[in-house]
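Student: I would like a close look at a single part of this model, the pair of packed helices at the end of one chain, and I would like to see how that part sits within its surroundings. Could you take me through it in one connected account?

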Amino acid sequence: MWRDAVLVCAKDLRIELRARVLLWQVLPLVLFALALGPSLVALRHGAPGMLWLALLLATVLAAGRSAQIESPEGTRASVRLLGLDPGGVFLGKALALFVELAVLTAVLAVGLLVGFHVDGVRLALAAPLCACAVAALAAVGTLYGAVVAGTDVAGTLLPLLVLPALAPVLIAGERGTAAVLQGGGPGRWAVVLGVMAVVYVAVGVVLYGPLEEPS
Amino acid sequence: MGPAVSLRSAVALLGRFPALAGVDLDVEAGSVLAVLGPNGAGKTSLLCLLAGLLPLRAGTGTVLGCDLRGDRRALRQQVGLLGHHLALYPDLSATENLAFALRAARRPVTDGVGALERVGLVGRLADVPSRTLSAGQQRRMGLAWLLARRPALWLLDEPAAGLDVEARALCEELVGEAARSGATVALTSHDHAAAAGVADHVVHLSGGIVTSARAGERVRVA
């Protein structure tokens, strides 16, 4: 399973690297900064929410693209004939999505430092919490991407399904990041996000195979 | 050799539509079967059933010793399918696609280089994204995939479609080589004469059932 996961992850990252679409997701952060105005207090106060909203939007886009890679009719049939472990395929796709979102998070963090004037040291302390949240986002995005893949309305259906599922991650991520930036620790929010990540990954590994099989 | 394929009253659905409505079919291992029939007869569905891609809804069926009602993953690893659509990933080049497929099948990646050369996908053609290849070149990539993978069962859905004369000859050559090496081949076609020329057995499919079966030219020549 892990061997297949590494294979699929490398393939997805190679395709995504060529597309270079995801880095455009920095734009929402710039727009949010403009919308909040020049007030330093407002910018610092809104920074955690803006970070996680930008990541949420990026997840929807990236999950759709990740599912799209596997969607063409010929691709679906030929890949199923490769005999890859479905759990491995899920892990590989989720891992690729995790890497993409983690890179984007790092870029957005720089944006927060420059545009929102947050404390760099405090932001670095939020990294483990962000890693858990991004893992949960990647797992949910990959799973729901598989749910809608192959349907005629995948582009419309994916945000409708995935946004409610991602809302708890958004809330916990924002609360945890805000707590860290205000001088506290991530505390229970990091635990909540860690549990979410583990549960979503486990559910994805189990369900990805049946989702890919025609009923 | 025993039967590579054995179907009895096989039924397969596309949605709610019975694409195969009770097919009886036996194919000897190492032989070439040509499936003829009009559009919508169920030829592609039959190949998908044999590949383990379409579930068997009623009847019984075994392919390469695997029960079609059981876990079909073991079967899929032994089957190669050349369908109407581009195989594998449009955003990857032919070289990258074959490398991915061979790694997944735990075979040496170097097998892909020879296969691409054999089908004439060399130089720039092997390195551009496969979605930019012409339809015929994409089919050649599919053939290269089969060649590199060397499956026990070759399923070719109208393999000559979109190919030039040279590639058609190559395709027939590859089918012959596969059969001689012990692989079983099932191909669909609208061209009765061409299909019968390479096949040991010819079956006609219409409305999702086999309407006639007879020996092909290969048997007569032999």
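Tutor: What follows begins with the chain that holds the helix pair, turns to the pair itself, and then moves outward to two single residues, the contact between the chains and the partner chain. Please keep in mind throughout that this is a predicted model, and that the values are computed from it.

Chain A, which holds the pair, has nine helices and zero strands, so that the order of elements read along the sequence is α-α-α-α-α-α-α-α-α. Along the principal axes, the C-alpha trace of chain A spans about 55 × 30 × 30 Å. The radius of gyration of chain A is 18 Å, which agrees with the value near 17 Å that a compact globule of 215 residues would have. Of those 215 residues, 49% are buried, and among the contacts in chain A with a separation of 6 or more, 83% join residues that are 24 or more positions apart.

Now to the pair itself. Two packed helices are described by the angle between their axes and the distance between the axes. Helix α8 of chain A covers residues 154-181 and helix α9 of chain A covers residues 187-212, and the two pack at an angle of about 150° with their axes 8 Å apart. Since angles over 145 degrees count as roughly antiparallel, α8(A) and α9(A) are therefore roughly antiparallel to each other. The crossing that α8(A) and α9(A) make is left-handed. On the side of α8(A), the residues that make the contact are Pro168(A), Val169(A), Ala172(A), Gly173(A), Arg175(A), Gly176(A) and Ala179(A), while α9(A) brings Gly187(A), Trp189(A), Ala190(A), Val192(A), Leu193(A) and Met196(A). Sorted by class, the contact of α8(A) with α9(A) has nine nonpolar, three polar and one charged residues.

Two residues from another part of chain A help to relate this pair to its surroundings. Val118(A) is found in the loop between α5 (86-115) and α6 (120-125) of chain A, and it counts as buried because 21 C-beta neighbours lie inside 10 Å. When neighbours within four places in sequence are left aside, the residues in contact with Val118(A) are Arg44(A), Ala47(A), Leu112(A), Leu113(A), Leu123(A) and Leu181(A). Leu181(A), one of these contacts of Val118(A), falls in the range 154-181 of α8(A). A second link in space is that Val118(A) and Thr177(A), although 59 residues apart in sequence, are 11 Å apart from C-alpha to C-alpha.

Gly115(A), by comparison, lies in helix α5 of chain A, and with 18 C-beta neighbours inside 10 Å it counts as partly exposed. Its contacts, again leaving aside neighbours within four places in sequence, are with Leu29(A), Val30(A) and Ala33(A). The C-alpha atoms of Gly115(A) and Tyr200(A) are separated by 33 Å, with these positions 85 residues apart along the chain.

Beyond chain A there is the contact with chain B, which takes 19 residues from chain A and 22 residues from chain B. On the side of chain A that touches chain B, the elements that give two or more residues are α1 (2-19) and α4 (73-80) of chain A. The largest share of that side, seven residues, comes from α4(A). By class, the residues on the side of chain A that touches chain B divide into 10 nonpolar, four polar and five charged.

Chain B has nine helices and 10 strands, and 54% of its 222 residues are buried. It also offers a helix pair to set beside the one you asked about. Helix α3 (residues 94-104) of chain B and helix α6 (residues 135-149) of chain B pack at an angle of about 30°, with their axes 10 Å apart, and α3(B) and α6(B) are therefore roughly parallel to each other. In this case α3(B) passes α6(B) in a right-handed crossing. The contact is made by Ala94(B), Asn97(B), Leu98(B), Ala101(B) and Leu102(B) of α3(B), together with Met141(B), Ala144(B), Trp145(B), Ala148(B) and Arg149(B) of α6(B). The classes in the contact of α3(B) with α6(B) come to eight nonpolar, one polar and one charged residues.

How values were computed
Residues are numbered from 1 along each chain as its sequence is written. Chains are lettered from A and ligands numbered from 1 in the order in which they are written. This is a predicted model: local features need pLDDT of at least 70, side-chain atom pairs count only at pLDDT 80 or more; totals for chains, interfaces and linings use all residues. Two residues are in contact if their C-beta atoms, placed from the backbone, lie within 7 Å. Helices (H or I, at least four residues) and strands (E, at least two) are DSSP runs, numbered from the N terminus. Ala, Val, Leu, Ile, Met, Phe, Trp, Tyr, Cys and Pro count as nonpolar, Asp, Glu, Lys and Arg as charged, and the others, Gly among them, as polar. Axes are lines fitted to C-alpha atoms, for helices over the stretch in contact, and angles run from 0 to 180 degrees between N-to-C directions. Angles under 35 degrees count as roughly parallel, over 145 as roughly antiparallel, 65 to 115 as roughly perpendicular and the rest as oblique. A crossing is left-handed if the near helix is turned anticlockwise from the far one by less than a right angle, and right-handed if clockwise. A residue is buried if 20 or more other C-beta atoms lie within 10 Å of its own, exposed if 12 or fewer, and partly exposed in between; C-beta atoms are placed from the backbone. The radius of gyration is taken over C-alpha atoms; the globule rule is 2.2 Å times the number of residues to the power 0.38.
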